[in-house]
Amino acid sequence: MNLLAILQSELTQFGNALPGVISQGLIWGIMAIGVYITYKILDFPDLTVDGSIGTGGAVALMLILNGVPVWIALIAAFAAGCLAGLVTGLLNTLLGIPGILAGILTQIALYSVNLAILGSANKSISVDKFPLLLSSRRVAVSGGFAVFGWEVGKCVLIVAVLTAVLYWFFGTEYGFTIRATGCNSNMARAQGINTKKSTVIALVLSNGLVGLSGGLLAQYQGFADVNMGRGAIVIGLAAVIIGEVLGSAIMGKRFNFVARLAFTATGGIIYYLVLQIVMQIGLDSTYNKLFSAIVVVIFLAVPYIRNAAKTSYGRAAKNAASRAIGKGDSEDA
Amino acid sequence: MLELIDVKKTFNAGTINEKKALNGVSIKLDEGDFVTIIGGNGAGKSTTLNAVAGVWPIDSGAIIINGKNVAGLPEHKRAAFIGRVFQDPMTGTAATMEIQENLALAKRRGNPRGLSWGIKRAEREEYHELLKMLDLGLEDRMTSKVGLLSGGQRQALTLLMATLKKPDILLLDEHTAALDPKTAAKVLELSDKIIEENHLTAMMVTHNMSAAIKHGNRLIMMNGGHIIYDVKGEEKKNLTVDMLLEKFEEASGMALSNDRMLLSKHNDM
């Protein structure tokens, strides 16, 4: 009886949290789609995102606070992210700084930039005073389905539009050059592609999306913070990898580009779903980042270990031993 | 068509690993020339091809394609004039992209790329017909990822890609060396066919001396970053492997002690 009551209250709590989990998951899903472009398509481990998501958030928040329309603020957040990506791209292609380090340098520099934009370590914005596109305050179940449903619907819509635009872009001649550069830069150059340029464009586009998601996130949570991007890359990667594992399991051979983007966004939802569950079970929010690191480790390690289990030296030794015993000297017969 | 004038290239200049790779290579190719290049390891064969392709800038000299000095153009710009097939079958194609997408990339070599579709419907039909010509069944797998193909299939596809948009120069850098003998023979035959049908000007590096004699209308031998022997026409047709070995000793003052070349001496292709 008592146990049932606890279960019921837990389920209610989980149900109440669901709209928020989905909205937040999708906002991070946009960020993850940005990560997908660099990590999967360009094959470039870009760590700029930890900074550019904060830049997008800071730019959008300050503009809205100063009375700029939300949609212009979001375009500005996108543009600010693009600039961040441009810096990393130029550090890498013009100055020859290795990709991973170029991203770290931009990210660190952006910490100061973000602080300068915000003017303080954090700034909040009230949904009561400003016409925010998204707000966590509206996703309360108590507000009724019409309110929180539309809030979640807006997130779904944004992801759907971005997926459609990216599907188009990566299907164009220019999109092809980025895919070829990421896959085989020797081949790309031999086919007349300026691989430096396509690397920069991909980084710009990726960080633009990350900046946009930062702009949405700042509105959703009602504040921007210089630390809001810390560990963002890990959440983005988690979403990409969860989406990949899930997508290939469900779609198999039909796991095409659109599905990959959609599953990457879904990966964001699943990440927040799991986070919600472990927090309800009793994980202190102190351990959020530890948790996200562990999720990424698990999802990266499982396919590797599974594969390794299929063909390992240990197994080869065992097989060889059983063969030697079973067949004896008659091997040549 | 293509002319190299006193091309020089030193790698790691001023260090203990300094290597004078090209010591003043000069050669003039006529339109339709199919030159085979042989020589020992480190002779400068592949380096010559890479110099033409612009993989790195040369130290001095000139590279003239169609009357234009291209020595100052980076690799991706020079690609407008040049089709290339590499030794490693993995190098010439994008593994995670579809067969037809790879062809579409090659079709646009040298053209500005914009925001129109990367592959159009009419192209698919064109590629279908071209792939049929390879006789490998690839025309029915046009949406397969190139990574699923065998090395031989990938080389045949790379060859098709290199010539899809007619290049001024076709560079074949030991493009059959990584293939088994039977597949290598097939790819070589295909190369001959494509070069002849499209009247291409081509340079082919090979370690196989009989292949170097059998294919093409001109043969050059390299050693120590120099061209030490250049033969064409009737004289080339009458060459034998033994004559080549002798020529090498005579020109370079040492015996040709390259295992791969000696082993492939009697391997007819």
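Chain A of this predicted model has a secondary structure of 12 helices and 2 strands, where helices (H or I, at least four residues) and strands (E, at least two) are DSSP runs numbered from the N terminus. Followed along the sequence, chain A reads α-α-α-α-β-α-α-α-α-β-α-α-α-α. Its C-alpha atoms fill a box of roughly 90 × 70 × 35 Å along the principal axes.

A few conventions will help you follow along. Residues are numbered from 1 along each chain as its sequence is written, and chains are lettered from A in the order in which they are written. Because the model is predicted, local features need pLDDT of at least 70 and side-chain atom pairs count only at pLDDT 80 or more, while totals for chains, interfaces and linings use all residues; side-chain values use heavy atoms, with hydrogens and water left out.

Let us stay with chain A for a moment. Of its 333 residues, 48% are buried, buried meaning under 20% relative accessible area, exposed over 50%, and partly exposed in between (1.4 Å probe, protein chains only). Cysteines give two examples: Cys82(A) counts as buried at 15% relative accessibility, and Cys155(A) is buried with a relative accessible area of 3%. Over all chains the count of disulfides is 0, a disulfide being a pair of cysteine sulfur atoms within 2.5 Å. As for contacts (heavy atoms within 4.5 Å), 76% of those in chain A with a separation of 6 or more are between residues 24 or more positions apart.

Glu244(A) is a good place to zoom in. Glu244(A) sits in helix H9 (residues 232–251) of chain A and is partly exposed, with a relative accessible area of 23%. Setting aside neighbours within four places in sequence, Glu244(A) is in contact with Lys40(A), Phe255(A) and Arg260(A). With Phe255(A), the separation is 11 residues in sequence and 9.1 Å in space, C-alpha to C-alpha. With Lys40(A), the side chains share a polar contact of 3.1 Å. A polar contact is a pair of N or O atoms within 3.5 Å; within protein, one must be able to donate a hydrogen and the other to accept it, and residues adjacent in sequence count only if both atoms are side-chain atoms.

With Arg260(A), the side chain of Glu244(A) meets in a salt bridge (3.5 Å, N to O). This pair links distant parts of the chain, since Glu244(A) is in helix H9 of chain A and Arg260(A) in helix H10 (residues 257–281) of chain A, 16 residues apart. Arg260(A), at 25% relative accessibility, counts as partly exposed. A salt bridge here is a side-chain nitrogen of Lys or Arg within 4 Å of a carboxyl oxygen of Asp or Glu. Side chains of opposite charge can pair when their charged atoms come close.

The structure holds 19 salt bridges over all chains, and chain B has a linked set of them. Asp30(B), Asp33(B), Arg218(B), Asp230(B) and Lys232(B) form a network of salt bridges. Within it, the side chains of Arg218(B) and Asp230(B) meet at 2.8 Å, N to O. Arg218(B) lies in strand S9 (residues 218–223) of chain B and Asp230(B) in strand S10 (residues 226–232) of chain B, so the pair ties together parts 12 residues apart in sequence. Arg218(B) is buried, with a relative accessible area of 6%, while Asp230(B) is partly exposed at 39%.

Now for the place where the chains meet. The contact takes 32 residues from chain B and 20 residues from chain A. Together the two chains bury about 2200 Å², 62% of it on carbon and sulfur atoms; buried area is the accessible area (1.4 Å probe) that two parts lose on being put together, summed over both. His76(B), Arg113(B) and Leu115(B) supply 27% of the area that chain B buries against chain A, more than any other three residues.

Across this interface there are 3 salt bridges. One of them joins Glu75(B) to Arg189(A), with the closest N and O atoms 2.9 Å apart. Arg108(B) and Glu173(A) also meet in a salt bridge (2.6 Å, N to O). That pair runs from the loop between H3 and helix H4 (121–134) of chain B to helix H6 (residues 173–183) of chain A, and both Arg108(B) and Glu173(A) are buried.
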